[in-house]
Amino acid sequence: MAGKTVLILGGGTGGLVAANRLRRALDKENRIVLVDRSPYYTLQPSLSWVMLGQRSLPRITRDLRDLRKKAIEVKTAEIASLDLANKKVQLAKEELAYDYLIIALGAAYSDAEVPGLNRAWTYYHPDGADGIHEELPLFSSGRIVLAAAALPYKCPPSLYEGAFLLDNYFRKRRLRANIDIRIYTPEATPLTQYGAEAGERVARLLQSRDIGFSGGLQMKSVDHDKRLIEFQIGEQVPFDMLIAVPVHVLPPVLTTTGLAGADGWLAVDRETLLTAAADVYAIGDCNSVPIADGQTLPKSGVFAHGEAEVVARNLTSEIVGRDPIWAFGGQGACFMETGGGRGAYLSGNFYTDPPQVTMGGPNRLMHWAKVGSERVWLWRWF
Ligand SMILES: Cc1cc2nc3c(=O)[nH]c(=O)nc-3n(C[C@H](O)[C@H](O)[C@H](O)COP(=O)(O)OP(=O)(O)OC[C@H]3O[C@@H](n4cnc5c(N)ncnc54)[C@H](O)[C@@H]3O)c2cc1C
């Protein structure tokens with residue numbers, strides 16, 4: 001039997017796990033090809049630490065080309081288009097044919113929907129996190145607004161994590177009394193996808209830290225000269241520093257594939273991650289998985305990881321002639337730093353109705369568990 005080519009688009013969380021798992025499981029006659037526009041991988045859950053200067057970008061960045069040592073073919077190139085009917089992907093200067101395709105291109109950020117948002121601070125991008133780190137020492141009084149511009153966005157707890165960490169940062173500098181920290185988000189209550197228990201606990205934690213919360217607000221525009229955010233219902237909110245989560249959209253190269261569902265993200269079978277196209281899987285932030293209450297599975301690394309494991313196992317089975325039997329079951333967990341060397345841990349099953357998610361902590365153990373998982377992650381996949 002001739003070897004197969006598994007082409008993986010995207011060298012982020014999902015692509016990395018899929019490439020490693022497939023490489024370990026399959027003979028070398030099968031090619032594992034990974035394409036990303038960037039030669040570098042940056043661990044996004046550590047960006048909030050970069051914002052505070054507790055991590056440098058080099059410390060949480062790895063070179064994807066190191067995967068070549070493991071016989072994973074890494075190509076650094078922009079993906080220009082997908083020809084699913086003929087099983088081909090066009091890169092800037094090269095065309096790649098595949099037997100199986102795993103799309104793991106994540107979510108892209110868009111400036112078009114909210115005028116002025118592109119000038120806000122953000123730790124959702126490595127350079128943005130570094131920029132906030134340089135700016136924070138200059139800030140000694142006024143209002144910091146942390147705002148999610150639109151839903152869905154990656155790792156919903158990280159907006160709250162940002163607020164808790166900033167609260168602690170200014171308490172340590174003995175400036176907290178001069179600084180008003182507020183969260184604005186389209187979510188009606190914190191972490192709506194995580195079920196009532198986790199949301200209520202986060203709401204109480206915000207209250208105990210004197211962090212304001214205003215939900216149900218969709219951002220319309222930002223006026224930096226007047227330092228005003230306008231929301232779609234007409235409410236205007238002043239700020240001295242705006243830290244925003246950008247609008248997340250399907251990567252433009254995927255919009256013409258015909259695989260997107262009504263909500264604009266790639267539609268998949270929630271157990272196998274198979275799309276409507278033959279032998280094409282979509283994992284991680286670029287897909288949309290319906291869960292209870294009209295919600296979708298949060299866009300989180302833990303799900304990109306879990307989905308990659310399932311797709312890699314099933315593809316391995318298919319290639320070696322066994323039945324693909326694995327199903328993704330909606331299990332997920334993530335850390336949320338709460339400041340002062342403490343963290344919380346949100347874990348549970350998101351496929352149940354309602355999602356059964358519990359929150360452990362905040363305590364020191366969960367903070368150190370996040371530190372440990374950062375180290376293990378960067379060591380395990382490179
Ligand atoms: C501040 C922050 C904190 C977070 N904290 C957590 C956390 O605590 N726990 C958790 O589980 N998740 C967390 N996340 C979310 C997590 O990082 C993402 O959900 C996860 O990385 C998604 O994996 P992915 O493979 O789908 O996409 P990504 O990891 O984003 O990878 C997509 C890749 O595709 C590449 N790409 C896109 N388009 C093209 C193109 N046209 N050509 C070539 N390459 C392309 C990109 O360069 C990128 O490398 C956090 C995210 C942020 C921003």
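Here is a short exchange about cavities, a ligand and some single residues in this predicted model.

Student: What kind of model is this, and how are residues numbered?

Tutor: It is a predicted model, where local features need pLDDT of at least 70, side-chain atom pairs count only at pLDDT 80 or more, and totals for chains, interfaces and linings use all residues. Residues are numbered from 1 along each chain as its sequence is written, and side-chain values use heavy atoms, with hydrogens and water left out.

Student: Why is Ser158 called buried?

Tutor: Buried means under 20% relative accessible area, exposed means over 50%, and partly exposed is in between (1.4 Å probe, protein chains only). Ser158 has 12% relative accessibility, so Ser158 counts as buried. Ser158 lies in helix α4, residues 157-172. Helices here are DSSP runs of H or I with at least four residues, strands are runs of E with at least two, and both are numbered from the N terminus.

Student: What makes the pair Ser158 and Tyr124 a polar contact?

Tutor: A polar contact is a pair of N or O atoms within 3.5 Å; within protein, one must be able to donate a hydrogen and the other to accept it, and residues adjacent in sequence count only if both atoms are side-chain atoms. The side chains of Ser158 and Tyr124 make such a contact at 2.4 Å.

Student: How do you know that Asn314 is buried?

Tutor: Its relative accessibility is 5%, so Asn314 counts as buried. Asn314 sits in helix α6. A polar atom of the Asn314 side chain lies 3.2 Å from the backbone nitrogen of Ile325.

Student: Why is Arg174 called exposed?

Tutor: Arg174 has 77% relative accessibility, so Arg174 counts as exposed. Arg174 is in the loop between α4 and β12 (179-184). Its phi is near 55 degrees, a positive value in a residue other than glycine.

Student: Is Leu191 buried or exposed?

Tutor: Leu191 has a relative accessible area of 0%, so Leu191 is buried. Leu191 lies in the loop between β12 and α5 (196-208). Phi of Leu191 is near 55 degrees, a positive value in a residue other than glycine.

Student: Why point out a positive phi or a cis bond?

Tutor: Because most residues other than glycine have a negative phi, and most peptide bonds are trans.

Student: Which peptide bonds are cis here?

Tutor: One runs from Leu151 to Pro152, with omega near -5 degrees. Pro152 is in the loop between β11 (142-148) and α4. Another runs from Asp353 to Pro354, with omega near 0 degrees. Pro354 lies in the loop between β23 (342-349) and β24 (356-363).

Student: What makes an empty space a cavity?

Tutor: On a 1 Å grid over the protein atoms alone, a cavity is a set of points where a 1.4 Å probe fits but cannot get out; lining residues have an atom within 4 Å of a point. Points are joined across faces, edges and corners, and a volume is the space filled by probe spheres set on the points. By this rule there are 2 cavities of 30 Å³ or more.

Student: What lines the largest cavity?

Tutor: The largest cavity has a volume of about 50 Å³. Its lining includes Gly284, Asp285, Lys299 and Phe303. Helix α6 (residues 301-320) gives the largest share, 3 residues.

Student: How does the lining of the second largest cavity divide by residue type?

Tutor: Ala, Val, Leu, Ile, Met, Phe, Trp, Tyr, Cys and Pro count as nonpolar, Asp, Glu, Lys and Arg as charged, and the others, Gly among them, as polar. The lining divides into 7 nonpolar, 2 polar and no charged residues. This cavity has a volume of about 40 Å³. Among its lining residues are Tyr194, Cys334 and Phe350. The largest share, 3 residues, comes from β22.

Student: How many residues surround the ligand?

Tutor: A residue is near if one of its heavy atoms lies within 4 Å of the ligand. 29 residues surround the ligand, and Thr13, Gly14, Asp36, Asp285 and Val302 are the closest. A polar backbone atom of Gly14 is 2.8 Å from a ligand oxygen atom. A backbone N or O atom of Gly301 lies 2.9 Å from a ligand nitrogen atom.

Key: On a 1 Å grid over the protein atoms alone, a cavity is a set of points where a 1.4 Å probe fits but cannot get out, and a pocket is an open set with protein on both sides within 12 Å along at least five of seven lines; lining residues have an atom within 4 Å of a point.
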